[in-house]
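Welcome, and thanks for taking a look at this one. Here is a short briefing to read alongside the model, grouped by topic.

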Amino acid sequence: YQPDTGPRMRVNQVGYLPYGPKAATLVTTATTAVPWTLNDAEGKVVRSGWTRARGVDPTSGQNVQTLDFSSYRRGGSGYTLTADGATSHPFPISDAAYQALRVDSKTFFYTQRSGTPILDTIAPGYARAAGHVGVAPNQGDTAVPCLPPAVFADNWTCPAGFTRDVTGGWYDAGDHGKYVVNGGIAVAQLLSEYERNRTADDTDRHALRDGTLRVPERGNNVPDILDEARWELDFLLRMQVPDGQPLAGMAYHKISDTTWTGLPLAPAADAKPRALHRPSTAATLNLAAAAAQGARLFKRFDRAFARRLLTAARTAYAAAEANPALYASNADGTGGGAYADSDATDEFYWAAAELYLTTGERAYRADVLGSPLHTMNVFDPDGFYWGSTAALGRLELATVDNELPGRRSVRASVVAAADALVALQSTQAYGQPYAPSDNRWVWGSNSSILNNMVVIGTAYDLTGRSRYSEAVLTAADFLFGRNALNISYVTGYGTVFARNQHSRMYARQLDPRLPHPPAGTVAGGPNSGLQDPLSRVKLAGCVAQFCYMDDINAYSTNEITINWNSSLSWVSSFLADQKNG
Ligand code: 9MR
């Protein structure tokens with residue numbers, strides 16, 4: 001399999017900011033510097049210089065050179081870069097480069113909504129019937145039974161005839177499952193984006209406004225991003241085990257079909273039985289963390305809802321303390337993702353942090369301070385994700401006002417992590433702040449990159465130092481085309497972009513009547529693990545960045561998920577705020 005990687009000059013196809021950093025990467029056989037030119041739309045040379053030889057880049061196996069044209073600041077469209085006989089895709093230089101993405105990256109959540117019809121007036125081209133509202137052929141999610149307990153080694157069971165209404169929420173990804181650990185981190189990231197708009201200096205407060213996004217709740221005097229978040233929070237509340245049931249207060253780990261549904265398949269056409277899965281400590285704490293954060297932020301808009309959230313968060317946290325090691329199993333991955341985890345220390349830390357930030361109570365503060373993670377570096381350079389959530393707690397403790405003793409070192413730990421990432425980034429010829437030491441990129445590597453950008457962006461918010469905002473902008477170049485495959489990983493953005501991501505709804509590749517994913521959808525990205533049958537065959541022997549293909553069946557490299565788009569959402573908001581460089 002030989003991907004068409006287009007011109008050897010690699011740029012950010014979405015564009016550069018007039019006052020931002022501007023770098024590009026050239027794939028070449030030349031081992032010493034070569035001259036480059038920047039050309040305007042008429043082909044006139046407007047700037048020139050010499051490249052810097054970088055040798056063989058391990059993440060691609062290519063011999064590459066880089067160039068920097070940051071000093072050129074005139075806005076316009078149709079610019080190209082030329083060197084060594086290669087001319088890049090055209091790109092703009094514009095303050096507006098990321099404005100639309102900030103909105104599009106969130107429309108994704110609307111079209112992923114379960115339990116409600118998707119309206120063409122809100123998402124043109126994406127209208128569909130409500131999924132899983134108890135209308136045939138659907139069997140859920142209004143009365144979902146528990147999975148037969150035989151799947152688990154322990155004795156968890158539900159009383160005969162027990163069912164639960166778990167309608168709503170977002171479909172997790174390209175499948176029809178809804179998973180609490182992943183829903184928790186995704187909604188938390190949207191909430192953090194909102195909260196950042198209140199706490200950070202350098203934002204235009206976009207997330208604080210009503211009427212900014214494509215959501216049906218527009219005009220209800222609640223910021224639209226909170227409306228979208230509430231869709232998931234309401235679902236998370238339904239996933240809490242009710243009083244009187246075994247493990248009351250815990251959260252069911254997930255609800256999904258009992259066997260995998262095929263592709264393509266609209267949510268409303270899913271005829272398979274669905275089931276609740278045994279509660280887990282991790283799901284319970286993710287619910288506690290997200291609900292505690294939601295309680296803090298919804299207080300000014302809906303006090304009753306905020307109270308419900310806080311009660312749910314407290315109850316969940318207490319239930320997790322009583323059941324601290326009830327883990328989801330890797331064996332439970334039929335019909336839905338396993339999302340298995342065998343350590344909840346990080347989830348405890350994150351949940352305690354949110355409960356402390358919301359309530360200020362001593363018990364939660366003591367749990368934050370007493371966590372073994374509190375004094376550790378929780379920032380893995382491979383990025384945080386659903387299985388490793390301590391960084392979310394640390395970022396919150398650093399940015400949300402609080403009186404935690406030792407707060408300075410909390411903030412310093414974020415800046416130190418960002419410094420390490422910026423240092424790593426500077427060694428990378430493609431400019432991504434991600435380079436696993438074994439050169440094996442993980443499932444969802446684009447979200448590793450995006451979440452590392454969140455850490456660096458937070459350091460900018462804490463310090464105001466432009467080296468951090470510039471590092472985030474440079475990292476964005478990678479996602480939008482300055483990479484080994486010369487592809488923008490975000491649908492609808494750039495000249496050549498991912499559009500055949502694994503999804504049962506947006507399966508245009510399989511059925512021309514269906515749409516591609518909506519603009520603003522990020523693909524999982526290169527995955528050295530080749531964990532699906534197609535990639536295993538087509539990408540055998542691939543080097544890191546080449547372990548990706550834009551094919552709907554390559555689900556381990558090319559899926560869509562709420563937790564990856566939530567990272568994109570936070571980052572796109574940060575990028576859109578950097579209008580002046
Ligand atoms: O995002 C998940 C990734 O971190 C795991 O390595 C992978 C394998 O367990 O699963 C990913 O999550 C998928 C889930 O299992 C099923 N729905 C789609 C998710 C995204 O690919």
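A salt bridge here is a side-chain nitrogen of Lys or Arg within 4 Å of a carboxyl oxygen of Asp or Glu. R102 and D577 fit that description, with their side chains meeting at 3.2 Å, N to O. Please keep in mind that this is a predicted model.

**Two domains**

- The domain assignment splits the protein into domain 1 (1-95 + 406-581) and domain 2 (99-188 + 209-384).
- Taken over C-alpha atoms, the centres of domain 1 and domain 2 are 30 Å apart.

**The interface between them**

- On the domain 1 side, 48 residues are in contact with 40 residues of domain 2.
- About 3,500 Å² is buried between domain 1 and domain 2, and carbon and sulfur atoms give 64% of that area.
- R504, M505 and I562 are the residues of domain 1 that lose the most area to domain 2, together 26% of what that side buries.
- How many salt bridges does the rule find across the interface of domain 1 and domain 2? The rule finds one there.
- Polar contacts between domain 1 and domain 2 amount to 20 residue pairs, with both residues at pLDDT 80 or more.
- Helices α9 (407-426), α10 (445-463) and α13 (562-577) each supply at least two residues of the domain 1 side that touches domain 2.
- Among the contributors to that side of domain 1, α13 gives the most, with 10 residues.
- By residue class, the side of domain 1 that touches domain 2 has 26 nonpolar, 16 polar and six charged residues.

**A sheet of three strands**

- An open, antiparallel sheet is formed by three strands in the order β10-β12-β13.
- β10 (178-179) and β13 (274-276) stand at the edges with a single partner strand each, so one side of each is left without a neighbour in the sheet.
- Three bridges pair strand β12 (residues 254-257) with β13 in the antiparallel sense.
- Opposite D257 stands R274 in β13.

**A sheet of four strands**

- Four strands, in the order β1-β2-β6-β5, make an open sheet with antiparallel pairing.
- Its edge strands are β1 (9-10) and β5 (52-57), each of which pairs on one side only.
- β1 and strand β2 (residues 23-27) run antiparallel and are joined by two bridges.
- Which residue in β2 is the bridge partner of M9? That partner is L26.

Note on methods: Residues are numbered from 1 along each chain as its sequence is written. This is a predicted model: local features need pLDDT of at least 70, side-chain atom pairs count only at pLDDT 80 or more; totals for chains, interfaces and linings use all residues. Side-chain values use heavy atoms; hydrogens and water are left out. Domain bounds come from an automatic or database domain assignment. Contact means heavy atoms within 4.5 Å. Buried area is the accessible area (1.4 Å probe) that two parts lose on being put together, summed over both. A polar contact is a pair of N or O atoms within 3.5 Å; within protein, one must be able to donate a hydrogen and the other to accept it, and residues adjacent in sequence count only if both atoms are side-chain atoms. Ala, Val, Leu, Ile, Met, Phe, Trp, Tyr, Cys and Pro count as nonpolar, Asp, Glu, Lys and Arg as charged, and the others, Gly among them, as polar. Two strands pair if DSSP finds at least two bridges between them.
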